[in-house]
Amino acid sequence: MKTILLPTDFSDASRFASEHIFQLNQGNNVKYHLIHSYDPPSSTGALISIDDIVKKDAEACIREEIEWMVSIGINRDRITSDVFFGEFNVVVNREAEKIGADYIVLGTTGASGIKEIIGSN
């Protein structure tokens, strides 16, 4: 079984990338692990923790993404998810290693310098 890590920022680009990998893997034995990382500014002295608010919002968005995945035909049993506090690159690398990801798929827009690294159509 292939394991695909899907980091998301809940953008159209993330959803577009996910939809394409779903189409490419139709009929294959694949497990999808959807993650989001957040790193809000410090909330020292605030009565309500910004961290808690951001985490709850991210968890709600992850649930919406899972519902969308199911609505386009992905079996719910093939989807796992998590929300993490931390820098994006650190979280993605750690989770990819932890789950033994075969692939990491993410969408980007306006990524400076990415064309030189991976090419462009």
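**Entry 1: K55 and its partner**

I began with K55, which I found to be partly exposed, since its relative accessible area is 34%, a value between the limits of 20% and 50% that bound this class. I keep in mind from here on that I am working with a predicted model. K55 pairs with E59 in a salt bridge, and the closest N and O atoms of the two are 3.9 Å apart. This pair counts because the cut-off for such a bridge is 4 Å. I then asked where the two residues lie, and found that both K55 and E59 belong to helix α2, four residues apart, which is about one turn of the helix. E59 is partly exposed as well, with a relative accessible area of 29%.

**Entry 2: the other salt bridges**

I noted as background that side chains of opposite charge can pair when their charged atoms come close. How many salt bridges does the rule give here? The count comes to five, and I looked up some of them.

One of them joins R76 to E67, with 2.9 Å between the closest N and O atoms. For R76 I read a relative accessibility of 42%, so R76 is partly exposed, and for E67 I also read 42%, so E67 is partly exposed.

Another joins the side chains of R94 and E95, at 3.5 Å from N to O. Is E95 buried or exposed? E95 counts as buried, because its relative accessibility is 2%, whereas R94 is partly exposed at 39%. I also wrote down that R94 and E95 do not stand by themselves, for K98 is linked with them in a network of salt bridges.

**Entry 3: the whole chain**

I stepped back to see the order of the elements. The protein chain holds four helices and four strands, and along the sequence they follow the pattern β-α-β-α-β-α-β-α. Of the 121 residues, 34% are buried. The accessible surface comes to about 7900 Å², and carbon and sulfur atoms account for 50% of this surface. When I considered the contacts with a separation of 6 or more, I found that 76% of them join residues 24 or more positions apart.

**Entry 4: I4 in strand β1**

I chose I4 as an example of a residue with distant partners in sequence. I4 is found in strand β1 and counts as buried, because its relative accessibility is 0%. Which residues does I4 touch, once those up to four places away in sequence are set aside? I listed I21, N25, V30, K31, Y32, H33, Y103 and V105. I also checked I4 against A96: the two are 92 residues apart in sequence, yet their C-alpha atoms are 8.6 Å apart in space.

**Entry 5: helices α1 and α2**

Next I followed helix α1 (residues 12-24) and helix α2 (residues 50-71), whose axes come within 12 Å and cross at roughly 35°. The crossing of α1 and α2 is right-handed. On the side of α1 the contact is made by R15, S18, E19 and F22, and on the side of α2 by E64, E65, W68 and M69.

I looked further at E65, a residue of helix α2, and found that E65 is buried, with a relative accessible area of 9%. Leaving out residues up to four places away in sequence, E65 touches F10, R15 and L34.

**Entry 6: F10, a residue with positive phi**

F10 had come up among the contacts of E65, so I looked up where F10 sits, and found it in the loop between β1 (2-7) and α1. Most residues other than glycine have a negative phi. F10, however, has a phi near 70°, a positive value in a residue other than glycine. F10 is partly exposed, with a relative accessible area of 24%.

**Entry 7: a nonpolar patch**

Last, I turned to the surface. Which residues form the nonpolar patch there? I found F88, I104 and L106, which together have about 250 Å² of accessible area. F88 is found in helix α3 (residues 88-99), and at 41% relative accessibility F88 counts as partly exposed. F88 can belong to a patch at this value because the cut-off for a patch residue is over 30%.

Key:
Residues numbered from 1 in each chain as written. Predicted model: local features only at pLDDT ≥ 70, side-chain atom pairs only at ≥ 80, totals over all residues. Heavy atoms only, no water. Patch = residues over 30% accessible without salt bridge, like charges linked within 9 Å, V, L, I, M, F, W, Y side chains within 5 Å. Areas by Shrake-Rupley, 256 points an atom, 1.4 Å probe, with all protein chains shown as cover. Buried < 20%, exposed > 50% of the residue type's maximum accessible area, 1.4 Å probe, protein only. Axes fitted to C-alpha atoms, helices over the stretch in contact; angles between N-to-C directions. Left-handed = near helix turned anticlockwise from the far one by under 90°. Contact = heavy atoms within 4.5 Å.
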